Amino acid sequence: MTYTFGLDTFGDRNGDADGKPLSHAQTIRNVVQEGVFAEQAGVDFFGIGEHHTEYFPMPAGDVVLAAVAASTKRIHLGSAVTVLSSDDPVRVFQRYSTLNAISGGRAEVILGRGSSVESFPLFGYDLADYEQLFEEKATLFAELLKGGPVTWEGKTRAPLLDQDVVPHTESGPFPAWIGVGGNPQSVVRAARLGFSLALAIIGGSPGRFAAHSQLFQRALEKYGRPPLPVLVHSPGHVAATDQQAKAEFWPRWRDIIALIAPERGFAVPTEESFDWETGPRGALYVGSPETVARKIATNLRTLGATRFDLKYGMPGLTHEQLMTCIELYGQQVIPRVRELLS
Amino acid sequence: MQEQEPSRLAVLGAGHVGPVIARLALGAGYPVAIATSGDPEDIALITELVIPGAQPRWAVDAVADADIVVLTIPLHRFLDMNPALLTGKVVVDAMNYWPASDGVLKPFEDGGSSEIVARRLTGSTVVKALNHIGYHELEDRARPAGARDRRAAGVAADDTAASAAVARLIDRVGYDPVRLANLRAGRVLQPGGPVFGTVLARPEFERAVREDARSLA
């Protein structure tokens with residue numbers, strides 16, 4: 001079995017050593033450095049999640065990925081996620097097939113919603129239309145990926161009649177995933193449209209998603225499709241020791257979740273809930289390389305997944321802390337997970 | 001006293017929440033049917049793998065045979081639903097009105113969402129429950145009666161018998177039921193309320209609810 005390992009960021013606004021926020025521009029330049037360093041550290045994938053907030057100033061991740069592409073050779077680069085419902089599938093395809101050209105075939109996309117909703121009012125979409133927007137746009141995106149002229153009609157964008165969409169890819173479709181957060185109907189949709197499955201697990205026991213992974217493979221069979229990979233995306237932070245990782249991550253996690261809890265419906269974390277989530281049964285990968293590696297290996301096995309993407313960083317952490325996290329993840333966690341799974 | 005035949009449940013909705021509640025109820029020994037607005041064939045695979053033991057059915061059939069119906073559909077879909085489907089049933093409203101996440105719905109802008117649900121379901125007995133613990137925590141935190149780390153879950157209804165029936169369901173699936181006086185009082189269970197999204201033991205739950213009631217007064 002071949003396993004791959006990624007790092008995702010939402011462009012979490014960095015802090016300086018005194019906790020003062022860096023500018024959005026400096027944070028973005030730091031993300032470029034982090035992406036380039038991820039390749040040097042031995043990471044297989046670097047993903048950027050679309051966000052439009054003061055603390056995640058990252059609405060144009062594809063531009064940032066193009067800068068990373070220019071200074072790297074091997075690492076795959078993609079969205080994590082692209083909020084497809086409030087974007088135009090034709091433009092998303094064009095941006096990522098351009099990235100694919102720049103990077104020599106290293107582009108990927110993960111399509112979804114994340115748990116973020118700020119792009120809907122920003123671009124004039126109604127959240128109540130979410131289902132129809134995503135269904136139609138994901139269907140169109142699947143057509144665009146095939147290459148060749150596209151004919152499509154729906155209610156959420158202008159129709160396409162035998163439309164050639166450029167740039168063409170050099171060697172077929174680039175990898176495309178649908179990110180789901182636990183809705184089994186979304187799992188079935190990914191299989192029906194032929195996307196790979198990204199399980200976003202940001203709270204609770206990862207083990208409960210094992211059934212989703214099985215559902216995905218069975219649904220692929222039902223729709224007459226070959227098996228496709230499953231990836232797991234979860235937040236975390238790696239430092240030299242468990243204690244240091246938790247001490248760095250906890251206040252940042254508490255503050256950001258407390259800030260977004262009212263709008264997303266998350267519970268405000270307590271030290272007790274944080275201990276549970278960072279423990280063996282929870283969804284956060286916070287600790288020493290050994291602790292994080294063991295948890296990743298266990299959950300990849302349980303979930304029948306072949307890729308793990310760690311969403312690193314949190315608003316307020318310093319660029320230096322993130323670089324250490326990337327170094328430990330690439331140089332220690334990944335080889336250790338491979339060893340545990342072999 | 002002789003053990004009562006467990007009530008039959010119909011869970012309407014197979015999204016994030018419905019399957020979780022269905023699994024908890026199955027685990028507690030309830031017969032469970034699950035339905036969406038469409039053909040049960042569409043959710044047969046989901047039921048087999050994610051909710052083993054439940055019966056996928058047409059909504060109308062699932063409801064007809066059920067003692068308790070659990071609504072876990074998006075509220076905007078509820079607005080399109082024919083209230084007659086639920087006539088004569090005890091209906092657990094596990095839905096939430098959450099404009100920041102699901103968009104603004106005019107009919108729900110004013111007052112408690114379950115009171116508005118109840119006004120639309122004139123022929124049903126509405127109970128607000130199972131809406132305030134996150135779907136990703138609902139199973140992890142369930143514990144048998146008497147467990148040291150058992151948590152509480154609220155039940156609010158205007159009808160005492162319906163409230164008692166749903167409180168038994170809550171108890172059996174793994175939470176200490178805390179019964180609130182009426183649907184109006186159930187507003188404390190809503191998004192923005194003192195217990196929404198937190199998973200508290202009974203004493204803390206009751207204290208949070210009491211303190212909130214004082215602040216309203």
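Of the 342 residues of chain A, 51% count as buried; a residue is buried if 20 or more other C-beta atoms lie within 10 Å of its own, exposed if 12 or fewer, and partly exposed in between, with C-beta atoms placed from the backbone. The structure is a predicted model, in which local features need pLDDT of at least 70, side-chain atom pairs count only at pLDDT 80 or more, and totals for chains, interfaces and linings use all residues. Residues are numbered from 1 along each chain as its sequence is written, while chains are lettered from A and ligands numbered from 1 in the order in which they are written.

**Chain A**

The C-alpha atoms of chain A fill a box of roughly 60 × 40 × 40 Å along the principal axes. The radius of gyration of chain A is 19 Å, which agrees with the value near 20 Å for a compact globule of 342 residues; this radius is taken over C-alpha atoms, and the globule rule is 2.2 Å times the number of residues to the power 0.38. Among contacts in chain A with a separation of 6 or more, 73% join residues 24 or more positions apart. Two residues are in contact if their C-beta atoms, placed from the backbone, lie within 7 Å.

Chain A contains 11 helices and 12 strands. Helices (H or I, at least four residues) and strands (E, at least two) are DSSP runs, numbered from the N terminus. In strand S1 (residues 4-9) of chain A, 5 of the 6 residues are buried. Two strands pair if DSSP finds at least two bridges between them, and the table lists partners of S1(A).

| Partner of S1(A) | Sense | Bridges | Residues opposite each other |
|---|---|---|---|
| S12(A), residues 307-311 | parallel | 5 bridges | A:Gly6 and A:Asp309 |
| S2(A), residues 45-48 | parallel | 4 bridges | A:Thr9 and A:Ile48 |

**Chain B**

In chain B, 8 strands form an open sheet with mixed pairing, in the order S3-S2-S1-S4-S5-S6-S7-S8. Its edge strands, S3 (55-56) and S8 (176-180), each pair on one side only. Strand S5 (residues 90-93) of chain B runs parallel to S6(B), and 4 bridges join them; B:Val92 has B:Val127 in S6(B) as its bridge partner.

Two helices lie across strands of chain B. H6(B) crosses S5, S6 and strand S7 (152-157), running at about 160 degrees to S6(B). Helix H8 (residues 160-173) of chain B lies across strand S4 (68-71), S5, S6, S7 and S8, at about 165 degrees to S7(B). Axes are lines fitted to C-alpha atoms, for helices over the stretch in contact, and angles run from 0 to 180 degrees between N-to-C directions.

B:Val166 is in contact with B:Ile68, B:Val90, B:Val92, B:Val127, B:Ala129, B:Val155 and B:Ala157, leaving aside neighbours within four places in sequence. B:Val166 is also among the residues that touch the most other members of the largest nonpolar core, which has 177 residues. A nonpolar core is a set of buried Ala, Val, Leu, Ile, Met, Phe, Trp, Tyr and Cys residues joined through C-beta atoms within 7 Å.

By contrast, B:Thr122 counts as exposed because it has 11 C-beta neighbours inside 10 Å. B:Thr122 is found in the loop between helix H6 (113-120) and strand S6 (125-129) of chain B.

**The contact between the chains**

The contact takes 25 residues from chain B and 27 residues from chain A. On the chain B side, H2(B) gives the largest share, 4 residues.
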